[in-house]
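User: I am new to this structure. Please take a close look at the ligand and its surroundings, then follow the picture outward from there.

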Amino acid sequence: MRRSKLEDADAIYGLYVETAAVPGGLARCRDEITPTYIHTFLRRCIGDGLSLVAVDDGGRVVGEVHASRCGLKVFGHVLTDLTISVHPACQSHGWGRQLFERFIEVVTEEMPEIRRIELSARESNTRAIRFYESLGFVAEGRLRGRVYGVGGRYEDDIQMGWLRSPASES
Ligand SMILES: CC(C)(COP(=O)(O)OP(=O)(O)OC[C@H]1O[C@@H](n2cnc3c(N)ncnc32)[C@H](O)[C@@H]1OP(=O)(O)O)[C@@H](O)C(=O)NCCC(=O)NCCS
């Protein structure tokens with residue numbers, strides 16, 4: 001696990017293309033993953049947020065997680081829109097948990113100004129929701145019918161938040 005660099009953009013693009021090709025996970029569809037999308041979030045998160053990649057023994061990027069601040073001072077303590085992606089061939093082998101635990105560790109230890117992390121997940125992605133809960137996220141809200149999901153069904157978007165625990169405040 002390491003911080004992402006701008007030079008990782010091509011590898012991260014390949015990763016997101018593969019992950020988005022499987023419906024029901026990432027919000028973006030395959031054709032909405034573009035080099036511009038990747039460059040934009042990478043630049044934003046490296047500059048004003050956090051992006052980490054998981055790299056396997058062969059040097060391939062098999063996972064990525066990122067979130068950033070939105071730019072307003074009142075939300076300066078918030079990392080928002082967290083997105084995590086593990087290559088479909090590598091899912092369910094512990095990469096996602098390692099990556100996300102490291103993300104929280106870096107925020108806790110190296111980003112004392114950050115007190116809150118936000119993400120959302122479609123209600124049918126129950127495995128991902130349980131995963132986030134196991135990392136300390138709490139389901140805080142439900143945006144009804146927000147996601148146009150697989151099979152043309154509208155489903156709720158679950159808003160989740162993580163708060164820095166008082167014990168880890170510096
Ligand atoms: C969700 C995701 C990041 C988890 O990473 P992973 O490497 O597959 O997960 P791990 O092997 O570390 O397992 C962590 C948890 O993720 C969940 N998980 C595993 N495979 C998953 C999958 N294919 N889809 C959703 N959740 C999955 C499991 O509940 C697991 O919990 P457990 O450790 O108690 O068994 C990854 O599966 C993924 O990229 N899925 C597709 C994209 C997506 O759904 N992103 C999140 C959108 S909100």
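Analyst: The answer starts at the ligand, then turns to charged pairs, a serine and the surface.

This is a predicted model, in which local features need pLDDT of at least 70 and side-chain atom pairs count only at pLDDT 80 or more, while totals for chains, interfaces and linings use all residues. Residues are numbered from 1 along each chain as its sequence is written, and side-chain values use heavy atoms, with hydrogens and water left out.

The shell around the ligand holds 20 residues, and Q91, S92, G94, G96 and R97 are the closest of them. A residue belongs to this shell if one of its heavy atoms lies within 4 Å of the ligand. Four elements each supply at least two shell residues: strand 4, helix 3 (95–110), strand 5 (116–122) and helix 4 (126–134). Helix 4 gives the largest share, four residues. Helices (H or I, at least four residues) and strands (E, at least two) are DSSP runs numbered from the N terminus.

Sorted by class, the shell has ten polar, eight nonpolar and two charged residues. Here Ala, Val, Leu, Ile, Met, Phe, Trp, Tyr, Cys and Pro count as nonpolar, Asp, Glu, Lys and Arg as charged, and the others, Gly among them, as polar.

Single atom pairs give more detail. A backbone N or O atom of R97 is 2.8 Å from an oxygen atom of the ligand, and a polar backbone atom of H93 is 3.1 Å from a ligand oxygen. From R127 a polar side-chain atom comes to 3.3 Å from a ligand nitrogen. The ligand taken alone exposes 820 Å², of which the protein buries 78%. Such areas come from the Shrake-Rupley method with a 1.4 Å probe, and for residues only the protein chains shown count as cover.

Next come the charged pairs. The whole structure has eleven salt bridges, each a side-chain nitrogen of Lys or Arg within 4 Å of a carboxyl oxygen of Asp or Glu. In one, R116 and E118 meet at 2.9 Å, N to O, and these two are linked with E140 in a network of salt bridges. R116 is buried at 18% relative accessibility, whereas E118, at 23%, is partly exposed. Buried means under 20% relative accessible area, exposed over 50%, and partly exposed in between (1.4 Å probe, protein chains only).

E123 and R142 form another salt bridge, with their closest N and O atoms 3.2 Å apart. The pair connects distant parts of the chain, 19 residues apart: E123 is in the loop between strand 5 and helix 4, and R142 is in strand 6 (residues 138–148). In a third bridge, R60 and D56 meet at 2.8 Å, N to O. R60 is exposed at 57%, but D56 is buried at 13%.

The serine is S51, in strand 2 (residues 49–55). S51 is buried, at a relative accessible area of 4%. Its side chain makes polar contacts with the side chain of S4 at 2.6 Å and with that of E64 at 2.6 Å. A polar contact is a pair of N or O atoms within 3.5 Å; within protein, one must be able to donate a hydrogen and the other to accept it, and residues adjacent in sequence count only if both atoms are side-chain atoms.

On the surface, V74 lies in the loop between strand 3 (61–68) and strand 4 (78–86). V74 is exposed, at 60%, and with L72 and F75 makes a nonpolar patch of about 300 Å².

Notes:
Patch = residues over 30% accessible without salt bridge, like charges linked within 9 Å, V, L, I, M, F, W, Y side chains within 5 Å.
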